[in-house]
Amino acid sequence: MASDFIRQKVIEDNRAGKYAGRVMTRFPPEPNGYPHIGHAKSICLNFGLAADFGGVCNLRFDDTNPLTEDMEYVEAIKDAVRWLGFDWGDREYYASDYYEQLYAWAEKLVLQGDAYVCFLSEEQFKDCRGTVQGPGKPSPTRDTSPEQNLALLRRMKAGEFDEGACVLRAKIDMASPNMKMRDPPMYRIKKAHHYRRGDAWCIYPMYDYAHGLSDAIEGVTHSLCTLEFENNRELYDWYVQKVGFAQPPEQTEFARLDLTHVIVSKRYLRRLVEERRVDGWDDPRMPTLAGLRRRGVPAAAIRAFVERVGVARANSVVEYALLEHAIREELHKSAPRRLVVEQPLPVVVEGLGPARSLVAADLPAELGPSEGREVPLSEAIFIERSDYTDAPVPGWKRLSPGGVVRLRHAGLIRCVGEDRGPDGALIGLRCAKLSEGEATAAGKGVGTIHWVDQATAVPCTLRIYELLFAAERPGTERDLLEDLHPDSKKVVQGVAEASLAAPAVGAGFQFERLGFFAADPDSRPGHPVFNRVVALKDGFVPKAAEPKAAPAKAEPKRPAAPAKAEAAPPEVLAAAAAWGVSETVARALVGEPARAAWAEAAVAAGAPRADAANLVCNELARIPLDSLAFEPAEAGAALAAVAAGALPRGLLRQALAEVERGGLGARIEALRAAAAAAPALDAQIDALLGDHPAEAARLRAGDQKLLGFFLGQLKRRAPSADPAEARRLLQAAAGA
RNA sequence: UGGGGCGUGGUGCAAUUGGCAGCACACCGGAUUCUGACUCCGUAGGUUCCAGGUUCGAGUCCUGGCGCCCCAACCA
C-alpha cells in the first residue's frame, strides 16, 4: 500500500476510534469541463484510499452553478473514472439532488441568527469586505431579525427579487483575518436553467455551503481536496457545526498535480479546442483523460504514474518524463511487437528465395510465451529511409554502401547498390542475402532493422505526436499560444505488416524501433490509422558528436545569507552575560519576563543559571508556563542533581517527556528505579547486538555510521545511561 | 490586522517520529542484446532554505530570518 501523510492520518483516526473505523471518501467534480490528468490524481487518491481501508468512494457532482454545467461533462467524467478502473457502485450523487435539504438548513441558520439577507450591490459588497490588511464593515442588514430574514429568504426563493438584488450571507465575522469568514455568501439568485433541476430553482448554493454539507449528508469521513482550499476549511467546519452534525467529515488538503510541458487550465484547454489548435477535447495531444485514452495511454500507466508522484503538501511540478516512463513500462509488458515502416524505401534482396511467411513472436521471450503471427516475406521489401546512409558516422550500425545489417527475423543482408532517379534522389537499394557461412563470419555486432514485405504491405496512416508545448512551463514567458509546438502532430503514410490490416480500435502495439502506437477510431478496414503513444528511448549517441556540454551548474538557488543581523540590544547582551547563555536564549528571556522569573525560581532551588534558562527557553519553550505539570523548584532541584553528577541528564530528559504521567519528581524516581532494576549496560548491549544481527555485522566490519544507530537504540532501552560510557562500551563490543 | 501553507540531489517523494540522509525518474559510463528498446551493473550529483540555540547526537525540537504558494468571484 502506498504510504503518504493522508493514509497515515486515516490510520491514526482509525486507531483513535474516530468514525468507528469507517472510511468514506468522494470524488467531487463540477461537471463544467473535461477531466484531465490532474483529476486522475484526485480520482486515484480518493478511490484508492477508500479501497485500501475497506471503505467506499462516492462519485458526487458538485453542480451548484447552472451557468457552466452540462450533462456532456457528467458523461465525460463518468467515462474517465470507469476507464481508470474505479467503480462507484450505485453511489452516484449530485449536489443538485440535495437542494431541498440544503435550503431547509439555510432556513435553520437564518432562524438561529447565523445568516441574513444582504442587499448590497456586488460593488458595495466588495467595498465592505475590507482587505487582507484590514477589517471589513458590516452590511446594513447584518443585525436584522431572524423573522425578517426568513421572510426575505422565502421571497428570494420565490423569485421575487432580480438577479444580483440580494444574497443570503452567513453571519460570522467581518473582521476575521481569514477572508473566507467575512460573512460569505451562501445563496445567490440565478434565474437560469439548470441542466438537471430545470427551472425548479432560482437561488443556488455557493460551493462552500453546499460542499461540506453534501459530504456530511453522504456520511463522508475524509474529504480530500487541493491546497487552494486550505482557507476554506474553517468555513467548511463552521457550516457543518452550525447545522449540527455530531461527527462531521474532516477536510484534508494535498498538492494538486502539475506537469512540465502541460497546461490543464480549463480556460486554456477550451481555447485550444475553440481556436482549432487541436482536434477536439479528445485530441491525443490533449492532457484530458479522453485525449490520453485516445492516444493509447493505458489506464494502468496513469495509475502507476500517480502512485509514483506521491501525495504531499508541497506545491511541485512533476517532469513529463516520469509520465512517459510509466507509459513505456506498462506498454512494454503488454504491447505486441509489429513491423511497420514510416518512410518506406524499396529494396530488392537477391537470394531471399520465393515468397513465404515466417512466424514471429509477439513479445520478447523474457516476457513469456506469446502466440506469434505470420509475417510474409519476399525479395521486394521496404526498409526505413533513415536506416540507410552513404555517409555513415562512426558507430553507425545500420545500412550503408557495402554494409551488412540484419533484417529483423529474416537474416543478414549486404547492400550491393543504390538506385537513383534522374535528379539523383535515392529511389531504392539492391541488397544480397548473406550465405550461411558469411553470416556466421559477419557474426555479432551487426545492427538490426525493421522492414515490411512489399506485396502484402498494408498502407497505414501514422500520426506522430510530440509535446503540444515545447516550453517546460507554457505561457510563463510569452503568450501560451506562442509556446505551441509547431510540429506537434506529423501525419505520415507508412506501410505495415499484413497482420495489421484491421486492428481493434484502441489496441496498443510496439512498432519495433519506432515506438508504441495505438489504433485510432479513424481506422478503416484495410487502412488503419495509428497514433504514436510514445517513442522508444533512443540510446544512440553518435560517437563523433560533440561531447555534451556539462549541464549548466544550477544557479545557487538559495540567496546569500542576509547581512549579519545588527547587534543585539544592550539589555539582551546584559541578559546573555548574566545568565551565561546565547543571545538567542537571552532574547527569549528578555521578551518574556515570566520565563526569566521561572528560571530564577529554578535557580533558587539549586539549578545552575545557564541550565535553568536553557531549559525554560528550549525544551519548554512551546509550553505555556501555567500549564506546566511541575514547579520550577522541582525542575531546579533536578538540574542541580544533574550538575552534581547525581542524576543522568538523559533520565531527566526522559522524565520531562513523560511528565504528563505524573509529577516530575515522581517520574524521576520511577525512571531511577527502572534503571536500577535494568540489566547492566554491557548486558544490554549484547542483547541489542543480538537483536540486530545484520547491523551488528556491519558495525563490526567497521561501519562507524552504525554507531549512531545503536546508540539511539540503546538510549531507548536505557535512557539513564551515560552517553560517553555507552559509546565506549559499544565501541568495545564492536571491536570484539 | 493580515491570515493560512510549503521549503530534503536536476525533478517528484521517503526517512521507523531525536539515531546509517534513502527510493524512483532524469543524466552519464559499462555489460548484454536479432528492437541503438528492455534487462543488468556502476558513476556522478546534498551546506536537508539561511543563521543561531538545546542535545552525546538535529532533516526532525526551540528562536529569529529568507524565499515561494494560497486567500479580498454573487466560480469551484
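**Questions about a predicted protein–RNA model**

In this predicted model, RNA strand B is surrounded by 94 residues, and the closest are Thr-64, Ala-175, Gln-510, Arg-622 and Arg-653. Sugar and phosphate make up 65% of the atoms of RNA strand B that come within 4 Å of the protein.

Colleague: What makes the pair between Thr-64 and a phosphate oxygen of RNA strand B a polar contact?

Modeller: A polar contact needs a pair of N or O atoms within 3.5 Å. An N or O atom in the side chain of Thr-64 is 2.5 Å from that phosphate oxygen, so the pair counts as a polar contact.

Colleague: And what about Arg-188 and a phosphate oxygen of RNA strand B?

Modeller: There the distance to an N or O atom in the Arg-188 side chain is 2.7 Å, and the cut-off is 3.5 Å, so this pair counts too.

Colleague: Let's turn to the sheet. Why are strand E1 and strand E3 said to stand at the edges?

Modeller: The order is E1-E2-E3, with parallel pairing, in an open sheet of 3 strands. Strand E1 (24-27) and strand E3 (92-94) each have a single partner strand, so one side of each is left without a neighbour in the sheet.

Colleague: How do you know that E1 and E2 pair?

Modeller: Two strands pair if there are at least two bridges between them. E1 and strand E2 (residues 56-61) are joined by 4 bridges, so they pair. Within these strands, Met-24 stands opposite Val-56 in E2.

Colleague: Which strands does helix H3 touch?

Modeller: Helix H3 (residues 71-83) packs on the sheet and touches E1, E2 and E3.

Technical notes. Residues are numbered from 1 along each chain as its sequence is written. Chains are lettered from A and ligands numbered from 1 in the order in which they are written. This is a predicted model: local features need pLDDT of at least 70, side-chain atom pairs count only at pLDDT 80 or more; totals for chains, interfaces and linings use all residues. Side-chain values use heavy atoms; hydrogens and water are left out. A residue is near a molecule or strand if one of its heavy atoms lies within 4 Å of it. A polar contact is a pair of N or O atoms within 3.5 Å; within protein, one must be able to donate a hydrogen and the other to accept it, and residues adjacent in sequence count only if both atoms are side-chain atoms. Helices (H or I, at least four residues) and strands (E, at least two) are DSSP runs, numbered from the N terminus. Contact means heavy atoms within 4.5 Å. Axes are lines fitted to C-alpha atoms, for helices over the stretch in contact, and angles run from 0 to 180 degrees between N-to-C directions.
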